[in-house]
Structure formats: C-alpha cells, structure tokens
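Hello,

Here is the structure I promised to pass on to you. Please have it open while you read my notes below.

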Amino acid sequence: MPANLQQTIADIRSMKVRGAASIGIHAARALADHVQGLDGTPAQVLRQARVAARRLDAARPTAVTLHNCLGWVLAAVAAQASVPKQKKAARETARLVGMEVKASRAAIANHGAQHVPDGAVVLTHCHSSTALAVLAAAKRSGKSLEVIATETRPFRQGLITVKALRDEGISCALAVDSAVEHLLATRDIDLVLVGADTMTRDGVLINKIGTAGVAALAQLHEVPFYAAAGLHKFTRQMAADIPIEERAAGEVVAARDLARGARVLNPVFDRTPPGRIQACITEEGLASPRRAVQRNLARIVEEDAWG
Ligand code: RI2
C-alpha cells in the first residue's frame, strides 16, 4: 500500500485524526492524492481508486462522513472519461469536500446559536467540532453561557472540549460521565448539545458511547437534547446495519491493572432513537430527526460510485 495512504489509515485508526468531519476531510484528500499516482485506462484507475477508498473506509467503520466524503471523490472519478480528467476531478472534489464540510459547520453554528438562550447552561458529551462551533457562535453573538463537558471515557475527548471552550473564552466545567444524572437533577441545565457520527434512515443518531444514556436522562429530566449533524453525517442505511466500532481493551484499562482472565468491552458508539432527540441542527436550521433525514437523503451520493 502506498505510504501516504497507509499513513492516513494509521492516523485515523489511532485517533491521531479523529472527529467525524475531520476524518472525512483527511480521507478525501488522501484518496485524491493516491489517484494522482495511478496509471492505466480510466476503468483501471477507477478500480484502483475504489480499492483505496475501501481501505480508507474500513479505518473507522461507524462514522459515515468518512464513507460519504470518499464516495463524493469516487463519484467524481467515475464521471470522467480520461485519466488526466479523473486526476483533476479527484483533486478538485477533495478540495470541495473540505470546503463544504467547513461551510456546513458554519451554517449549523449560525442556526444553532440562535437556540442557545442567553445565560444558558449547556451539557455536552465527547468532542464535536460542530457542537463546539454552535457554542462559540452563541458566545460571539454576545450571549453568556456555561458548559458542562463530560469526560467521555475511555478516550477522554472531554479534555479536548474543555480546552477548546477555554480558548473561546467560554466558562466550562469537566464532569465524569457517571455524574450526568446527578447534574441534570440538581443543576438548571437548559439543553444538551452533542455532535453526530452518523444519522440513519430511521432517524437514529449514532454518536460517542454514552450519548444514548445522556439522551435518555435528558428526556427523564425534560431537558431538550439537540444533535448537530450536517449533510455528510446522513446515510441511507438503517441504524441496525451500521457496525458499532469496538476498540482495544488497552484504551479502557492497562492489562496490568485488570484481573487476569477478565474481559473488557469497549464499544465506542451507541444508538440514540429519534424519540429522545428534540431536534437535529442542520445547515437549514432545526428539524426533527425524521424530517432532517428526509431532507438530506435526497442529496447523499448513490452507492454505485463504489462499484
Ligand atoms: P464532529 C466524534 O467521534 C464524536 O463522537 C463526535 O460527536 C463526532 O465525532 C462528531 O464530531 P470520535 O472520532 O464531526 O472522537 O462534529 O470517535 O467534529
């Protein structure tokens, strides 16, 4: 496998590159770079591009942004009748994918910020560049807010969130994941805001492990739960058909600290049903999960780009 393709896969697998949007942008760029070095007929170039795309796609199986961004590059390659045009189309599409994902985040930030009340206390889980963009936009519009970020075991993305919030000048506190119910019960939390790894055809949000529990607790305490999810997070697949990534036991506990013979379970995403979601924040504004799915699926690339 060419070095830069292998490196991108390793960076995504190891979480050096993480966060659904960032993974999609990096992978699209790596695929486009790979296409630049391919030779043969247009059909052969397309075939080799598909092989590379499948390898990249397998690096993290749950976040569909990866699949969609790669699919957009493949579709552009498939549409060209000459190899030079395929190479140019791959380059331009990867660049456009990057711009669109960033534009999507900005649009979501604008809409979402309007729904964060002045003086709000917001609970967030994991680290989502999109959820953070909403909070930063609310702050920049002059609202005061306070954010409680969960630690998000085992990878502790909550630490990244807290640092990013501090850099935005947003008052924040870190809490362990198991404090969520207590905090919802005892603090005036106005809303829960998370990102999305995948939004499925049946309106299910697939996001960082713990999200479904946070949403259930938010519903119990009548706190609205929002998911910030752009077009590239949507898939025609049903939730049950999306594999939930299981990562290494070492991310949870060092082998020396675990009783010998004990197993570790480390599923890193879970499925939040639409009934627990007040709204998805999309590029077009707020919508129920099912409505957001209806709107976005029409624009998602057809699977035949993958061959
Ligand atoms: P943005 C992250 O997954 C989190 O689950 C987060 O909610 C999601 O990606 C979306 O992030 P991980 O890569 O696309 O940390 O909003 O496993 O940045």
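Which backbone oxygen does the side chain of N296 reach? The backbone oxygen is that of A292, and the distance is 2.9 Å. Please keep in mind throughout that this is a predicted model. N296 itself is found in helix 10, which covers residues 289-297. Its relative accessible area is 0%, and because the cut-off for buried is under 20%, N296 counts as buried.

Now to the ligand, which I expect you will want to look at yourself. The ligand is surrounded by 19 residues, and the closest of them are S129, T130, D197, N207 and K208. For three of these, I have a distance between an oxygen atom of the ligand and an N or O atom in the side chain:

- T130, at 2.5 Å
- D197, also at 2.5 Å
- N207, at 2.6 Å

On its own, the ligand exposes 450 Å², and 99% of that area is buried by the protein. The space that the ligand takes up is the largest cavity. Three elements each give two or more residues to the shell around the ligand: helix 2 (20-36), helix 6 (129-140) and strand 6 (205-208). If you sort that shell by class, you get six nonpolar residues, eight polar ones and five charged ones.

Two further residues are worth a click while you have the viewer open.

Let me start with T65, which is found in helix 4, residues 64-78. Is T65 buried or exposed? With a relative accessibility of 0%, T65 counts as buried. Its side chain also has a partner: a polar contact of 3.1 Å joins T65 to the side chain of H232.

The other one is I108, in helix 5, which runs over residues 83-114. I108 has a relative accessible area of 0%, so this residue is buried. Where does the chain bring I108 and V134 in space, given that they are 26 residues apart along it? Their C-alpha atoms are separated by 6.8 Å.

If you would like a route through the model, I suggest beginning with the ligand and the side chains of T130, D197 and N207, each of which has an N or O atom at the distance listed above. After that, you could go to T65 and H232 for their side-chain contact, then to I108 and V134 for the C-alpha separation, and finish at N296 and the backbone oxygen of A292.

Do write back with any questions. I would be glad to go through it together.

Best wishes

Key: Residues numbered from 1 in each chain as written. Predicted model: local features only at pLDDT ≥ 70, side-chain atom pairs only at ≥ 80, totals over all residues. Heavy atoms only, no water. Near = heavy atom within 4 Å. Polar contact = N/O pair within 3.5 Å; in protein donor to acceptor, adjacent residues only side chain to side chain. Areas by Shrake-Rupley, 256 points an atom, 1.4 Å probe, with all protein chains shown as cover. 1 Å grid on protein atoms, 1.4 Å probe; cavity = no way out; pocket = protein on both sides within 12 Å on 5 of 7 lines; lining within 4 Å. Sits in = over half its atoms within 2 Å of the grid points. Helix = DSSP H or I, 4+ residues; strand = E, 2+ residues; numbered from the N terminus. Nonpolar A, V, L, I, M, F, W, Y, C, P; charged D, E, K, R; others polar. Buried < 20%, exposed > 50% of the residue type's maximum accessible area, 1.4 Å probe, protein only.
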